[in-house]
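Here are a few exercises to work through with the viewer open. Try each task before you read its solution.

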Amino acid sequence: MADFVDLYQYHDYYAVDDLLSDEHKVVRDSVRRWVSQKVKPIIEEYAQKAEFPKHLIPELAQLGALGPTIPPEYGGAGLDYISYGMITMELERGDSGIRSFASVQSSLVMFPIFKYGSEEQKRKYLPKLAKGELIGCFGLTEPNHGSDPGSMESRLEDNGDHYVLNGSKMWITNGSICDIAVVWAKDESGIVRGVILEKDMEGFQRFPIHNKWSLRASDTGELVFDNVKVPKENVLPLAEGLRAPLSCLTQARYGIAWGVIGAAMECFDTAVRYSKERKQFGRPIGSFQLIQAKLADMLTEITKMQLIAWRLGTLMNEGKARPQQVSLAKRNNVYHALQIARDSRQILGAMGITGDYPIMRHMMNLESVITYEGTHEIHTLVLGQDITGFNAFK
Amino acid sequence: MKILVAIARTPDTTAPIDFVDDGRKYKEEGVQFIINPYDEFALAKAMDIKDERQDVEVTVISVDSNKADQLLRKALAVGADKAVRIDIEPEDAWQTAGEIVEWIKKSGEQFDLIFTGKETINYNGGLVGGYIASLLGYTYVPETYKLSIMDDGKLDIVREIEGGKVYLKTTMPAVITAVEYLAEPRLPSMRGIMQARTKPFSVEQPTGIEPLTTTVKHYLPPQRKECKLIDPENIEELVEILHKEIKVI
C-alpha cells in the first residue's frame, strides 16, 4: 500500500476558494492529505469485511477532527463552522462511515455536553472525547420512532438519589463500540431529558447491527436499557424538551451538507478520469454527448452544493442560520450527491460496481445518508411548513 | 538557535500541466498548490530539531505573491514560529535567493541553519540553497539525507551521492538542502492551525533583485504515438510497414 497514489483533483468551478480564508484551506488540505494517506488505501478492504477501522481513531484525534469547534479549554480546536465543514467534506471523500464517526463524536456527543452539560460534565468528558480516549454515541432514534422522535418510549424515572432508565435505541452510529452514550428519554412529566451513560453501567447493553449494505466501514448498533441506574449528576442540566436533541442534529446535518460534497466530488473526479481513458468505438467515452451531459450535470450540482454549503457556513458563523436553512442544505446536497454517485457508477459501467473504484461504496453509503439525520422527505416537510405555515407532519 | 526554512509553492504532484501566455507561463487556474515536497522535508527537519532542543526559533520564508500565504500558514500550523513573505513572484532562483539574503541582512537575523529543498518539483533548478550559501558565505551541504547536531555544535551529515552515501562533518552556520527521508513531513493539526492565528506573519516589499534568466517558452513532451500491434502470423504486414512507413529496411 506504500505506493498508493491518490489521483484526486479538487474541482472548484466557481472559484469558491476565493471565499475561503487561508486557515480554511490549510484545514482542508491537511485533512485531505490525511485521507489520501490513511483512509483511501485501506477503506475498501474494511468496507468489504464490514469493519470499522478503529486504528484511525487516535489519528483523527491527533489531527483534531474530533470536536473542532469546541473551545481549546475543553480539548477542541476552537475553529469556525466553515473549517468544520472542510473537515467533514474531506473525511467523507474517504468514506461516509469515517465522517459519520467524526460527526457523531463532534456534533452529537461533544456538542450536547458542551451546550447542555454542567461544568463538571464538560471537564470530565470533553477532553477525553477530543483525544479519542472515549468513543461517544447519540441515542435518539428508537425501533418504533425514527422520523417521529417526540413519540419516544424510553423513560427516565426519578428514584430519589438517581434516575432509572428503561427503553431502547436503534440505528446508533458507534453504538456497539461506544464508551459513553448521550441518551434522550422522557421523564415522568413527559419532558425529553438527556443523560450521559457509561458503558459499564448495570443494565446498559450494546449490540452491533449486522448485514448492512451501507456504511459498512462504520459501527451501527442498538442500545438497550434495562433498569439502568443513572446518577443524577449524569443528567444534562440545561437540556429540556425535544429542542435540545434537535439542536444537536442541526449541527450534525450542517456537517453532512458539507460532507456529501466530498463523496460527490470523489465520484465525479473518478468518472471524469475514467471517461477520458476508457475507449469504446475507437474513442474515449468522454467524447460522447451522453457522457458529457452527465458530467456537465454533475459539475453543475457540485458547484451549487459548494455555494449552498459556503453560504450556510457563513450564516452559522454569524449565528444566523435557522434549522430550516440547514434542512435545505442537507436535503439538496445529499440528494444530488446520491444522484452523482449513481451517474458516476453508470459512466464506469461494470467497473463501477467493483471495489477497484470508490463509487459503489459511496453510492451505498449515501443511501443511508439520505435517510439518517432527518429523511429527505421529512426535510421536505420542514421546508413546506416554513414556506406555507402549514404543518404537514401530522 | 535560529533556523530559517525557505519554502516554494509548487503545483500538486497530480496537477494537470498546461501553459498560457504563448507558453511563457504555467496555467495556474484550477490547480491546487502545495509546499514543494523537498521543502516539506526541510521544514519537517527544522521541526524535529525544535522538538529535540530548547531555544530553537524557526522562521519560514517564501518569495511569492499572496498565493503562498496559505502555505506559510500551514508552516506556522505545523510549528514554525514566524512567517515572512517577500511580495513578488520570482522569475528565477537568483531572484529568489537574492531577495531572501537581502531580507536576512535587512532584518539583522543571524541564522545558524538555513534549510530548503534540494530543488522544486516543477522547475528542478536546485540553485536556491547554493546561491544563499555563497551570498552569505555559509557552508553549503546539498542533498542531505540525515543530519544531527552534535554536542560540540558540529553537524554530522549523511549525503546521497550517485550509487551510495557519504558521511561528513561540518560547522554552522550552514545551508542544508533536503532530500526525502531527512524528516517525516507533518500534517497540521486543527489545534496547530488555530494557534497559528496569533503567530507573527510579515509581508515585506522586494528589494528589486533582478533575475538572471527569463523564461521564454515551455514545451510539453511530444505525445507518444499509439503502439501498433501486428499479428505474429502476419509477417508480410510487418515487413511492409518497416519498409514503406518507417523505411528502415
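**Exercise 1. An enclosed helix**

Which residues in α9(A) are buried? Please bear in mind that the model is predicted.

Solution. Begin with the cut-off: a residue is buried when its relative accessible area is under 20%. In α9(A), this picks out I359(A), R361(A), H362(A), M363(A), N365(A), L366(A), S368(A) and V369(A). Next, set that list against the whole helix, which runs over residues 359-369 of chain A. Eight of its eleven residues are buried, so α9(A) is largely enclosed by the rest of the structure. Finally, look for the partners: the buried residues of α9(A) pack against α1, α3, α4, α6 and α8 (323-347) of chain A.

**Exercise 2. The surroundings of Q121(A)**

Find the place of Q121(A), then describe its contacts.

Solution. First, locate the residue: Q121(A) belongs to helix α5 of chain A, residues 119-130. Second, check its exposure. Q121(A) counts as buried because its relative accessibility is 4%. Third, follow the side chain, which reaches the backbone nitrogen of S118(A) at 2.8 Å. Last, look beyond the neighbours within four places in sequence: there Q121(A) is in contact with I113(A), L126(A) and I196(A), and also with E233(A), N234(A), V235(A), L236(A) and P237(A).

**Exercise 3. A serine in helix α1**

Is S36(A) buried or exposed, and which residues does S36(A) touch?

Solution. Start with the helix: S36(A) lies in α1 of chain A, which spans residues 22-48. The relative accessibility of S36(A) is 16%, so this serine counts as buried. Then list the contacts. Not counting residues up to four places away in sequence, S36(A) touches F4(A), D6(A), P41(A) and R93(A). To finish, try Y8(A), which is 28 residues from S36(A) along the chain; their C-alpha atoms are separated by 8.6 Å.

**Exercise 4. Two cavities**

How many cavities of 30 Å³ or more does the structure hold, and which residues line them?

Solution. The structure holds two cavities of that size.

- Step one: the largest cavity has a volume of about 50 Å³. Its lining consists of G67(A), P68(A), T69(A), I70(A), Y81(A), Y84(A), S106(A), S107(A), F111(A) and Q251(A).
- Step two: sort this lining by element. α3 (81-94) and α4 (96-116) of chain A each supply at least two residues, and α4(A) gives the largest share, three residues.
- Step three: sort this lining by class. There are five nonpolar residues, five polar and no charged.
- Step four: turn to the second largest cavity, with a volume of about 30 Å³. Y10(A), D12(A), V16(A), L20(A), M86(A), W258(A) and Q306(A) line it. Five of these residues are nonpolar, one is polar and one is charged.

**Exercise 5. Nonpolar cores**

Which residues have the most contacts inside the largest nonpolar core?

Solution. The largest nonpolar core has 115 residues, and L91(A) and F115(B) have the most contacts inside it. Helix α6 of chain A, residues 243-277, provides the largest share of this core, 14 residues. A second, separate core has 28 residues, among them Y74(A), I113(A), L126(A) and A244(A). Two of these names may be familiar from Exercise 2: I113(A) and L126(A) are among the contacts of Q121(A).

Note on methods. Residues numbered from 1 in each chain as written. Chains lettered and ligands numbered in written order. Predicted model: local features only at pLDDT ≥ 70, side-chain atom pairs only at ≥ 80, totals over all residues. Heavy atoms only, no water. Helix = DSSP H or I, 4+ residues; strand = E, 2+ residues; numbered from the N terminus. Buried < 20%, exposed > 50% of the residue type's maximum accessible area, 1.4 Å probe, protein only. Polar contact = N/O pair within 3.5 Å; in protein donor to acceptor, adjacent residues only side chain to side chain. Contact = heavy atoms within 4.5 Å. 1 Å grid on protein atoms, 1.4 Å probe; cavity = no way out; pocket = protein on both sides within 12 Å on 5 of 7 lines; lining within 4 Å. Points joined across faces, edges and corners; volume = space filled by probe spheres on them. Nonpolar A, V, L, I, M, F, W, Y, C, P; charged D, E, K, R; others polar. Core = buried A, V, L, I, M, F, W, Y, C linked by side-chain atoms within 4.5 Å.
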